[in-house]
Amino acid sequence: GSAAYDTDVLVVGTGPAGATTALALATYGIRTRVINQRSWLANSPRAHITNQRALEVLRDLGVEDAVRRVGTPWELMGDMVFATSLTGDEVARLRTWGTGDDRRSDYLTASPCPLLDLPQPLMEPILVDGAAVRGAQVSFNVEYLDHHQDEHGVTSTVRDRLNGQQSTVRSRFLVGADGARSRIAEQIGLPFEGRMGRAGTVYARFHADLTALVAHRPSILHRILAPAFGEIGMRTLRVVRPWTTWIAGWGYDLDDAPDLDHAPAERKIREMIGNHDVAVQVENVSAWQVNQAWATEYSRGRVHCAGDAVHRHPPSSGLGSNTSIQDAFNLAWKLAYVVRGWADETLLDSYSEERAPVGRQVVARANQSRLDYQELNDLLDPDAAKLGQPSIVHLREAGPEGVAARDALAAAIARKNFEFNALGVELGQHYRSGAVVPEGDAGDEPDAEDAVLHHRATTRPGAKLPHVWLVDAQGRRISTLDIVGKGRFTLLTGLAGTAWVTAVDRLSLAFLDAVVIGADGTRDLYHDWARRRDMPEGGALLVRPDGYIAWRCAETVGDEHAQELLGATVATILSSS
Ligand code: FDA
């Protein structure tokens, strides 16, 4: 029984992965304890880009409005400048994060949640506060040291850093959300591929009111052109708070210690801003390394790792905290269902089966985005012109060298769409595991480029439920995503699917609801669901608590058969038969 455990789940780490795990578990009513060895949450800006899928997770967990109040809105995110400095020669622009006229509707069609730029120190308190308010026990200054697991649970040793005392915590499960230097991933011997430390970056956080230089071309990222350095992309000016708090980023040689003094950093920042009379106040200078490593398995028995603990990659493509939040959302409901006795422990195998392939793709994509600056760097290479290669020095010339330079620049910038307008990467994750009932023919695979840039919404099992707008009883628009989730399984059908509603009633499972699209409260007045559902109106979709489709029945069936089929399917997915 419960008394044998201090808590059901011990979560180590309050970064995006740990905080989201704790928030979700607390929301689902699971006894959760979350610890952080530090005295407070993230104190440097770190991740910002909060993509649509991460926001859908936060929407389900009831904190979307809270993060929108503190983040920088989508409209200000994406008129990216490539210039010699903010006051200098502008050589190109790219509309990023779907803000371009040609991509806006793709993003709006794919999700009810527009992107948001959200500094990590502003996001983490919202997640951790939500977890605590909903009953999670949150402790700072508590360091995780070690654990051992047995058939029934995990005993972890922790140390109170204020008084040095060690104690143990007995839990059913342990979640290692302890970041890129994860002790837990190492202790359980998770297999890693790739390598750490591929390139070095210095980040200088500073205050300067740059409104006059950027407000007319609003963007949260600006690329400052300079001859390249190692494997790192470009010099960057990155907004923390528009347009007064910033990060300047540049590469350093991994063979030397990075220079973290404020005076040279300020000189470099002034160079990047350009010859402009603006007060610059450097607040902090730190260094971090670009990694390219991923675990091929995320779990050992009762111990599950999430976030940077299992995938380590650069910020290019903005996938770090987004992927961590999605790991957490995938894991949390499974832990909750096992703790509640609704699912067998083998359901947890599907966590690693589903998320490890995503982690590998994300690490590959983020590193490719970093390497995709090569063509641009080649153009900036001081020797390019001498060697007869296209060079930036010819950019405005009338002759063939000018044409070649302009063509090469346009191609190099277009390649950056794979980093900055990659809706397919952000939303197109498809799960294969024991928690999804596959359908035979997978249909046409999109070509690789298309799969990066575009999201193809589908009701095929393993995909996330397509978003369309419905109309509620008050006449307001609600998303299909709003009628599923919240820790529950949902059987979605149409007015013709009466057998499915009867089946859900008769099965009377504590975690399963039927929702009829077309009924009061969920009217399909725009007919978007009819166009998108990709099955007859009387068919059914079984949607998991994380908004992914577990099973599709593209047939109208009789009452008896519906109940039998649905009961057996749920049992298969939860391994509870
Ligand atoms: P995260 O590292 O956030 O959290 C780990 C948690 O575990 C912390 O709370 C830590 O204190 C705790 N912990 C560790 N060991 C412990 C122990 N033994 N006992 C108790 N607690 C322990 N990403 C991105 O997408 N865009 C970006 O621009 C950047 N920029 C960036 C800059 C810098 C300077 C850094 C350091 C990182 C980034 N990142 C980033 C990466 C991004 O911050 C990262 O992907 C997420 O924070 C990962 O979230 P996690 O929750 O997995 O780990």
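Which helices and strands each supply at least two residues of the shell around the ligand? That was my opening question for this model, which is a predicted one.

**Entry 1: the ligand.** I looked up the shell and found α1 (16-27), β9 (142-149), β16 (281-295) and α9 (320-339), each giving at least two residues. In total, 34 residues surround the ligand. The closest are Gly13, Gly15, Gly179, Gly307 and Gly320. Sorted by class, the shell has 12 nonpolar, 16 polar and six charged residues.

**Entry 2: α1 against α9.** Both helices turned up in my shell list, and I checked how they pack. Their axes come within 8 Å and cross at roughly 35 degrees. The crossing of α1 past α9 is right-handed. On the α1 side I noted Pro16, Ala17, Thr20, Thr21, Ala24 and Leu25. On the α9 side the contact includes Ser321, Ile325, Phe329 and Leu335. By class I got 11 nonpolar, four polar and one charged.

**Entry 3: α9 against α10.** Next I took α9 with helix α10 (residues 349-371) and found their axes 10 Å apart, at an angle of about 175 degrees. Angles over 145 degrees count as roughly antiparallel, so α9 is roughly antiparallel to α10. From α9, I listed Thr323, Asp327, Asn330, Leu331 and Lys334. They meet residues of α10, among them Tyr351, Glu354, Arg355 and Val362. This contact has four nonpolar, four polar and four charged residues.

**Entry 4: backbone oddities.** I reminded myself that most residues other than glycine have a negative phi, and most peptide bonds are trans. Then I went looking for exceptions.

- Tryptophan 97 isn't a glycine, yet its phi is positive, about 55 degrees. I found it in the loop between β6 (90-95) and α4 (104-110).
- Histidine 527 also has a positive phi, near 60 degrees. Its loop runs between β23 (512-517) and α17 (528-532).
- Proline 242 and tryptophan 243 are joined by a cis peptide bond, with omega about -15 degrees. Tryptophan 243 sits in the loop between β14 (235-241) and β15 (245-252).

**Entry 5: buried or exposed?** Tryptophan 97 counts as buried because it has 27 C-beta neighbours inside 10 Å. Histidine 527 has 9 C-beta neighbours inside 10 Å, so I put it down as exposed. I tried alanine 132 too, in helix α5 (residues 120-133). With 15 other C-beta atoms within 10 Å, alanine 132 is partly exposed. I also looked up its separation from valine 34: the two are 98 residues apart along the chain, and their C-alpha atoms are separated by 9.4 Å.

Terms used:
Residues numbered from 1 in each chain as written. Predicted model: local features only at pLDDT ≥ 70, side-chain atom pairs only at ≥ 80, totals over all residues. Near = placed C-beta within 6 Å. Helix = DSSP H or I, 4+ residues; strand = E, 2+ residues; numbered from the N terminus. Nonpolar A, V, L, I, M, F, W, Y, C, P; charged D, E, K, R; others polar. Axes fitted to C-alpha atoms, helices over the stretch in contact; angles between N-to-C directions. Parallel < 35°, antiparallel > 145°, perpendicular 65-115°, else oblique. Contact = placed C-beta atoms within 7 Å. Buried ≥ 20, exposed ≤ 12 C-beta atoms within 10 Å, placed from the backbone. Left-handed = near helix turned anticlockwise from the far one by under 90°.
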